[in-house]
Amino acid sequence: MADQVSASLLKELEEAASVLLAPPIQVTGEQRHAAESIFLNFQKTKSPFQLCRYILENSNVDYVTFQAASLLKQAVIREWKLLEKVDTENLRNYLLQYVIQRPDLQSFVREQLLLVVAIMVKRADVDSESSQVVENVLSEVSQLISSGDQRMQTIGCSIVNALLNEYSSTTRATDVGLTWETHLIAKKKFETMDLKKIFQYCLQGLNELAKIGRPLPTEAATLFKKFLLMAEQVLTWNFQLAMLLPRKLIGLFEAQQNPTLRPNSEWKEILLDPTILELFLKLHWQVRDNPDLCHHTLQCLNQLASLNGVVMSDSSDRSRYLSWFVEGLLKLLTSDKVKEHEAVGLSNIISRLAVFFPPHVLNSLATETVKNYLQEITKLSCHFAEGAAQEEALHRDDQVYMEAFEHLLDAWVAILQDPNNLAEDVLKESAIHIFNAYLQFHLAPPGGQRGLNAKEESEEIEEIEEDDRTKFRDQLSVIGMLGRQALEHCVPLLWSLLEDRVTRLHGQLQRIHQLGTIQEDSSVLDNLNEDIHWLVLITGHVLAPFSEGETSLIPPDVVHYCVQQAGRVSLNTTLQVLASPSHRAADIPGVDQNTDHVVRLIAAVFRMCEVEKRAIEANLTHVLSPEVATTLVWYIKRWAVTYLLPNESYYTEMSMTLTGAFGKDSEAGLWTLNFLISKLETNLTRWSHEHKLAIETSQTLVSVLNNVERGSRAIQCEGLKSLINKHATNQFHLLPAAAKRGILKSLVIVGTANQDKESKEQYWKHLIEPLQNRINAVFYNGSFHQNFHREQVKSEVLDLIECVIGVADGCTLQNLSSLYPFIQPVSEEFVKLMDVYHNYSDVTDMIFQFFSVCAKRVLCFLDKKDSKKLYESCLSMIQIYAKHNTGKISHEASAEEEQYQDILVLMQLLTDLLSKDFVDFSPFNPSQEEEESSVSAADVALYGLNIIMPLMNAELLKFPNLCLQYFKLITFVCEIYPAKVCQLPETLFKNLISSVELGLSSFTPEVATLCLDFITVLGIHIRRAGPEATTVSEELKPFLKIVLDMVLFQPLDSDLSQTAGTALFTLVCCFQNEYQGLVQALIASQHNSQNAQRLINAFNELTEGVNLVLDRHNRIKFKMNFDKFTTEVRGFMLVK
């Protein structure tokens, strides 16, 4: 009877499989859906072991046998504890023999069946500490591998790979029905007892295959790949750390995608055998022409290159191992040209060797070996640089050489971190070769080798790609490091090339100006501009390396190079070269003999700035390159913050030439500051149509002036006075918003840095008064309400808001007393503007931005009285927005997008307002401290939320950023002020709770985590508040069932599961009677007595040893029990 049922089901499955595998035109959607349903129901079959055996024995349809194997996997996981030991052993042996006896089985079916075997082996191993199950399986594998039959050897490798996968860190506890801790214990046991044995099997097989020679037969190649995969899995094994670490840290270590090879001391003998490296290098040579196999040999070598830890604790062992590796690589690199498919792998190996065997270890090798090795890496770097340049010229998507070149540059970074341990002449020679090659491949012929592309294609690429400064930032940083290794070569080379290109460009521009048109092919100008662009980029990285978050200092190598030149340098000649950007340096007497090379290089860039400025003034902007202009602005920003008016106390050695040219007490320093400000001012005046350039120019202006020395001396600069006058006469109205803000912020910075009280007051008046007059002229004009909609009026309003935002962005504690009397009344006017321009999204958006900047930059400095005024302005503005948008219906396609942007900004504003309760730099005022009526930031945020909530709907929450910001805000408020959340109006609180319920199931795991945190915090508050929080308690109570169902019936990742456990514990503590009722109902709903008993046991174990009190000890104990509970219950609860 059972066989008849099985036969009937098998027939149904095979028919369903034929439907699923049929071409789409032969079956209908309904037929395909019905077939899918059959297999979905099949996967939920309970105790399917006999049925699956019947299918495996009688079906010839691979898809059906694969589904049977998948069902076996699920059944073994969820029903393991219900199976007798003898039954599991019989099933495991049956599956193993089934695979061995069918060598022609489809690989995907075989791998799935062996996965089931591996799961069963691991579970049996976990259940008994003295289990020999792994040893028995490996014994059978040993026989298969030593059989000589390649098909049996392939099966043996598949068995081992399945075991390695099952025990490795990539398997999560929920997949195999084990807690994470249990998995780690099993992994450690396997690692200690069996992993080395597997590696030895692998080496045995690879040594046999190494005898075959080239080329490999097809059958041997398949087996070769299996053994290489096995070796790769062992060598990429994430060996557990001996130290005890918190679970989260262990999880981070275990989740590494490419862990280094860090085995325990028991591996020392096998890994420090020179024949291991020799074998893998020989294997790579053997399969070098096969890209697929070559990838795996390189991966194995890459892991061996990262060998570290206790096996390398002895310095002599490190030296010997590195010596074997370097000698093997030298043979490989000198024997034949590196193939394209080898490039990335080999560069990775060299990079890892440089990281794990730093210069002092490399220096312990024979001098000739080190020299040859560095020379080969240099040749390879130049070769890859050439390939990368060709790939870039051809716009190839798969940039193999580019990736390989960057890996080699990483190696050079590691080598150059400690250059004193290596021969200076060898390093300098390598640096010069790579620097020259990089320069060559980025300059146009005849002086360089940069490829010439079709103009149209190039322009299209430029539009969609990030700019070179960003795209090649890491490359250029290393080229800069290499350049500083040989400054005496690189600096003169750079200034000679720059002077040549700038002179040629100047000649071209003069010719165009005289003729009034471009007579020649524009490629001449294009190539000159591209050359200058790259030369300035490289110069910036050589002279001024930049580290995020660190003080920018002149590199010691540059200072030392300038000091070395001091004997031959004339400061007067050097300053003449610097201060003559309108003349060719070569025309100045004694320039080659008496000029400091670093200053001459800086002067070459300044000359390009001057040529560009003169061309702009001659109305030749249309023939200039915005890309070069942007690169020059980038250079000014990078260079000025490092070299201009430096703080000499930061340096142990300083060049008198640099001090004389750019020092804070030098006239040349003031001249340079004025020159740069004037250049930036010209950009802002004449390049207003180039928005990206204008914005970067204004940002550079802020960076240059955002320093006490440069800011205070800028007052004396004509360029700054011109900036202020142009601002006062509104000559920057065509600039983009961000550029206008930058200008005002930079002018505020200068005013703040001014130390003279009288001139400071005059400066603020000169800066603020024109702005105030413009505001008065617009807002207090009797016809404003009749003309506000006109484009000219609206444009002026937008311009004013942008300028005021710039002023607010420059606020500090030092200038607040001067600026806030202007900002505060203006903020009240902007609130009124919201009412006037409520239908103009560009204006309302700008008003939102103003208040957001005030919340971020101004609020932290305000006392309670002024803070309250800002709060009131923010809330009035939000109320006006809500009044005009609640219930508003728009048929415009962009309406919902605009509302999403508006509410997102408002949410961010409310979040920023909350920061006042944490970051408060306002001066202490005792009289205000006594005021009891002061409004807190939380009151404002909650009131604002009350206003915004009616605008929120399910459609708006589908915008990920808005959704996340909303839940971040409510969770943030709840964490800080849970009592205030509980005191919200009933309607608002219910809406809040409803949104949390929606967030638990409808959005991303990150949102669900925030909702669970909200529930936890609120639950803790309710528990502590007792009877006072009865009303809120009733609203929170339904979450007990929601979270319990979530834990039992929804797939949760590890982090979300932990958060859900914390929330569940909080809710159980709050609602103990309700929890008991839910548990009883759940148990009663089970029709299967075995499942009911398993549930009873699981729930008992969940609270075993736990007092339902919200303290740390009980929370940790519950967390440990919770992991076991979810692992035990989830599987069988999902089966019908």
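**Exercise 1. Helix H38**

How many of the 17 residues of H38 are buried?

Solution. The model is predicted. Begin with the extent of the helix: H38 covers residues 737-753 and has 17 residues. Next, take its span: from the first C-alpha to the last, H38 reaches 25 Å, close to the 24 Å expected at 1.5 Å a residue. Then turn to burial: 15 of the 17 residues are buried, and H38 is mostly covered.

**Exercise 2. The nonpolar cores**

State which residues have the most contacts inside the largest nonpolar core, and list the contacts of Leu206.

Solution. The largest nonpolar core has 395 residues. Within this core, the residues with the most contacts are Leu206, Phe280, Leu304, Leu720 and Leu1018. For Leu206, set aside the neighbours within four places in sequence; the contacts are then Phe224, Phe227, Leu228, Ala231, Leu279, Phe280 and Leu283. Another core lies apart from the largest one; it has 5 residues, among them Val577, Ala585, Val591 and Ala603.

**Exercise 3. An annotated region**

Describe the chain over residues 35-101.

Solution. First consult the record: an unreviewed UniProt entry places the feature "domain: Importin N-terminal" at residues 35-101. Then look at the model: over these residues the chain is 78% helix and 0% strand. Last, compare the ends: the end C-alpha atoms are 31 Å apart.

**Exercise 4. Three salt bridges**

The structure holds 47 salt bridges. For the pairs Glu340 with Arg396, Asp842 with Lys794 and Lys1037 with Glu1074, find where the partners lie and how accessible they are.

Solution, first pair. The side chains of Glu340 and Arg396 meet at 3.0 Å, N to O. Glu340 lies in helix H18 (residues 340-356) and Arg396 in the loop between helix H20 (367-394) and helix H21 (400-416), so the salt bridge ties together parts that are 56 residues apart in sequence. Glu340 has a relative accessibility of 33% and counts as partly exposed. Arg396, at 34%, is partly exposed.

Solution, second pair. The closest N and O atoms of Asp842 and Lys794 are 2.6 Å apart. Because Asp842 is in helix H43 (residues 841-858) and Lys794 in helix H41 (residues 791-809), this pair ties together parts 48 residues apart in sequence. Asp842 has a relative accessible area of 31% and is partly exposed, whereas Lys794, at 8%, counts as buried.

Solution, third pair. Between Lys1037 and Glu1074 the closest N and O atoms are 3.2 Å apart. Lys1037 sits in the loop between helix H52 (1030-1036) and helix H53 (1039-1049), and Glu1074 in helix H55 (residues 1072-1084); the pair links distant parts of the chain, 37 residues apart. Lys1037 is partly exposed at 22%, and Glu1074 is partly exposed at 31%.

**Exercise 5. A salt-bridge network**

Which residues are linked with Arg450 in a network of salt bridges?

Solution. The network links Arg450 with Asp500, Arg501, Arg504 and Asp531.

**Exercise 6. Glu610**

Is Glu610 buried or exposed, and with which residues is Glu610 in contact?

Solution. Locate the residue: Glu610 lies in helix H31 (residues 597-617). Then apply the cut-off: buried means under 20% relative accessible area. Glu610 has 9%, so Glu610 is buried. Finally, leave aside the neighbours within four places in sequence: Glu610 is in contact with Pro581, Ser582 and Phe675.

How values were computed
Residues are numbered from 1 along each chain as its sequence is written. This is a predicted model: local features need pLDDT of at least 70, side-chain atom pairs count only at pLDDT 80 or more; totals for chains, interfaces and linings use all residues. Side-chain values use heavy atoms; hydrogens and water are left out. A nonpolar core is a set of buried Ala, Val, Leu, Ile, Met, Phe, Trp, Tyr and Cys residues joined through side-chain atoms within 4.5 Å. Buried means under 20% relative accessible area, exposed over 50%, partly exposed in between (1.4 Å probe, protein chains only). Contact means heavy atoms within 4.5 Å. Helices (H or I, at least four residues) and strands (E, at least two) are DSSP runs, numbered from the N terminus. The expected span of a helix is 1.5 Å times one less than its number of residues. UniProt positions are given in the numbering used here, feature names are shortened, and annotations may be inferred rather than shown by experiment. A salt bridge is a side-chain nitrogen of Lys or Arg within 4 Å of a carboxyl oxygen of Asp or Glu.
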